[in-house]
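Thank you all for coming; I would like to walk you through one structure, moving from a loop on the outside to the inside and back again. Please have the sequence and the model in view as I go.

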Amino acid sequence: MATIIEMPKLSDTMSVGTLVNWLKKEGDTIASGDKIAEIETDKATMEMEVFDAGILLKQFIGAGDQVAVGDPICAIGKKGESVDAPAKKSAAPKAEPEKAPAEEKPAKKETSPAPEPEPETEKSAQAPAPAEKSATESDGARRRISPLARKLAEEKGVDLSNVKGSGPGGRIVRADVEAAAKAPKPTPAAPPAETPAKSPAPQKGAAPTAAFVGTSDTPVQEAKSVPVSNMRGTIAKRLVESKSQVPHFYLEVEVDVGPLLELRQQVNAAFGEGTKLSVNDFILKACAHALRKVPAANASWEGSTIRNHAAAHVSFAVAIEDGLITPVVFDAHKKSVFQISSEARALATKAKAKKLQPADYTGGTFCVSNLGMFGIQRFQAIINPPNGAILAVGTTVKKPVVNEKDEIVVGHRMALVLSCDHRVVDGAVGAQFLAALREILEKPLLILG
């Protein structure tokens with residue numbers, strides 16, 4: 001009798017899986033331990049292994065199909081054996097995407113002639129109201145602009161306050177906008193202060209200048225609705241649960257990372273190309289060290305109990321194509337910053353290839369989210385349950401600081417924001433953790449071993 005192979009539960013939070021690709025085809029001989037398909041879970045894409053031997057008699061789903069855990073995906077049996085598709089244990093979760101086209105019938109409105117004539121007579125009856133209502137204020141007087149001229153001005157980036165209308169009563173018409181668009185643009189104002197104009201790098205907080213205002217007719221991107229992937233759906237669900245159910249509070253410190261940057265530069269120069277420690281490597285190690293010093297911050301809420309963790313399993317957020325995932329550096333408190341660096345790099349590579357296994361991303365006790373490489377100065381991260389806290393790391397900025405001699409010097413400062421689950425980590429505990437972390441990062445030789 002044929003054996004029905006069902007969609008396995010490949011992660012603790014998986015409820016549906018997407019069959020990405022069949023590795024065997026119908027009629028192939030299957031041995032125990034063979035990998036027959038690639039399954040996308042809510043966390044990664046994994047190869048599905050079977051322990052039944054025989055002939056792959058029937059594939060019940062195709063590549064790209066999404067089915068619930070426990071639903072049949074194929075049958076393995078003896079050669080020539082016939083098998084019928086068994087009933088699914090759950091309803092297929094595809095109903096919504098299929099409905100989409102039915103709802104997209106607004107075209108009918110345009111083909112239906114009935115309601116359209118009224119606006120024309122209304123507009124003319126109420127004179128220039130709609131068109132003139134779109135006028136702008138200029139020196140206290142209302143200016144009249146035709147809707148077409150306004151639309152054209154938006155597309156071409158023309159400032160209507162500088163356009164003189166040639167229509168009746170000074171109304172701005174299409175020709176006025178086109179003429180203004182072709183006219184030579186005024187020379188931009190001198191750059192503020194000593195800011196060199198050579199670098200196009202985004203200036204903090206600056207409003208977009210004309211050079212950055214898009215005037216192209218091409219769309220920003222193709223307008224479309226994309227089905228929510230397993231991973232994105234899980235991220236959305238978990239983060240909503242976390243933000244709505246976990247009582248967050250936030251603590252922030254600013255750290256002098258000048259010594260750390262100097263040490264990192266020396267280490268990387270000394271070890272050459274083979275070793276490239278990142279700032280994040282030091283932060284992961286420093287967190288593990290700080291958790292050892294303040295173990296109360298290394299805890300989880302479990303409903304009727306609080307779990308105090310004996311090891312610092314530090315996870316870190318990795319952005320991937322479909323969302324983000326948090327691989328774990330296990331026993332980070334026992335590892336050198338070099339070991340952590342090597343392990344974190346390997347995990348990030350696997351994460352981006354969607355090859356992480358559940359053992360790679362479950363079991364973390366503390367999490368680090370670093371957006372410093374994007375120039376973000378500070379932010380507040382959402383706790384990743386069951387962790388009791390998460391550290392948000394900003395970029396390093398140069399700023400004037402006052403040293404011990406009361407002199408104003410150039411300092412390198414990094415903002416760290418700790419999000420705490422107040423059920424587990426109280427304010428004093430979070431503050432002690434941040435104090436310990438700051439001390440370690442400002443004296444990084446303590447963790448170089």
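Let me begin with phenylalanine 374, which is found in the loop between strand S18 (366-370) and strand S19 (389-402); helices and strands here are DSSP runs numbered from the N terminus, helices being H or I with at least four residues and strands being E with at least two. Before I go further, this is a predicted model, in which local features need pLDDT of at least 70 and side-chain atom pairs count only at pLDDT 80 or more, while totals for chains, interfaces and linings use all residues. Residues are numbered from 1 along each chain as its sequence is written, and side-chain values use heavy atoms, with hydrogens and water left out.

Is phenylalanine 374 buried or exposed? At 60% relative accessibility, phenylalanine 374 counts as exposed, where buried means under 20% relative accessible area, exposed means over 50%, and partly exposed lies in between, with a 1.4 Å probe and protein chains only. Together with Met373 and Ile376, Phe374 forms a nonpolar patch on the surface with about 340 Å² of accessible area.

The same loop brings us to charged contacts, since arginine 378 lies in the loop between S18 and S19. The side chains of glutamate 252 and arginine 378 meet in a salt bridge at 2.0 Å, N to O, a salt bridge being a side-chain nitrogen of Lys or Arg within 4 Å of a carboxyl oxygen of Asp or Glu. Because glutamate 252 lies in strand S11 (residues 248-256), that pair ties together parts that are 126 residues apart in sequence. Arginine 378 also forms a salt bridge with glutamate 254, the closest N and O atoms being 3.7 Å apart, and this pair, with glutamate 254 in strand S11, spans 124 residues. Partly exposed are glutamate 252 at 44%, arginine 378 at 40% and glutamate 254 at 31%. Glu252, Glu254, Arg378 and Lys399 are linked in a network of salt bridges, and the structure holds 13 salt bridges.

Turning inward, the largest nonpolar core has 58 residues, a core being a set of buried Ala, Val, Leu, Ile, Met, Phe, Trp, Tyr and Cys residues joined through side-chain atoms within 4.5 Å. Which helix gives this core its largest share? Helix H9 (residues 279-293) does, with nine residues. H9 is largely enclosed by the rest of the structure, because 12 of its 15 residues are buried, Ile283 and Ala286 among them.

Ile283 and Leu437 are among the residues with the most contacts inside the core. Leucine 437 touches Ala286, Cys287, Ala290, Leu391 and Leu416, not counting residues up to four places away in sequence, with contact meaning heavy atoms within 4.5 Å. H9 is also joined through a salt bridge between lysine 293 and glutamate 439, at 3.6 Å, N to O, in which glutamate 439 belongs to helix H12 (residues 427-442), 146 residues away from lysine 293.

Finally, consider threonine 41, found in the loop between strand S4 (35-40) and strand S5 (45-49). Threonine 41 counts as buried, at 1% relative accessibility, and touches Leu10, Met14, Met46, Asn230, Met231 and Tyr361, leaving aside residues up to four places away in sequence. I will stop there and take your comments.

Conventions
Patches are made of residues with over 30% relative accessible area and no salt bridge: like charges are joined within 9 Å, nonpolar side chains (Val, Leu, Ile, Met, Phe, Trp, Tyr) within 5 Å. Accessible areas come from the Shrake-Rupley method with a 1.4 Å probe; for residues, only the protein chains shown count as cover.
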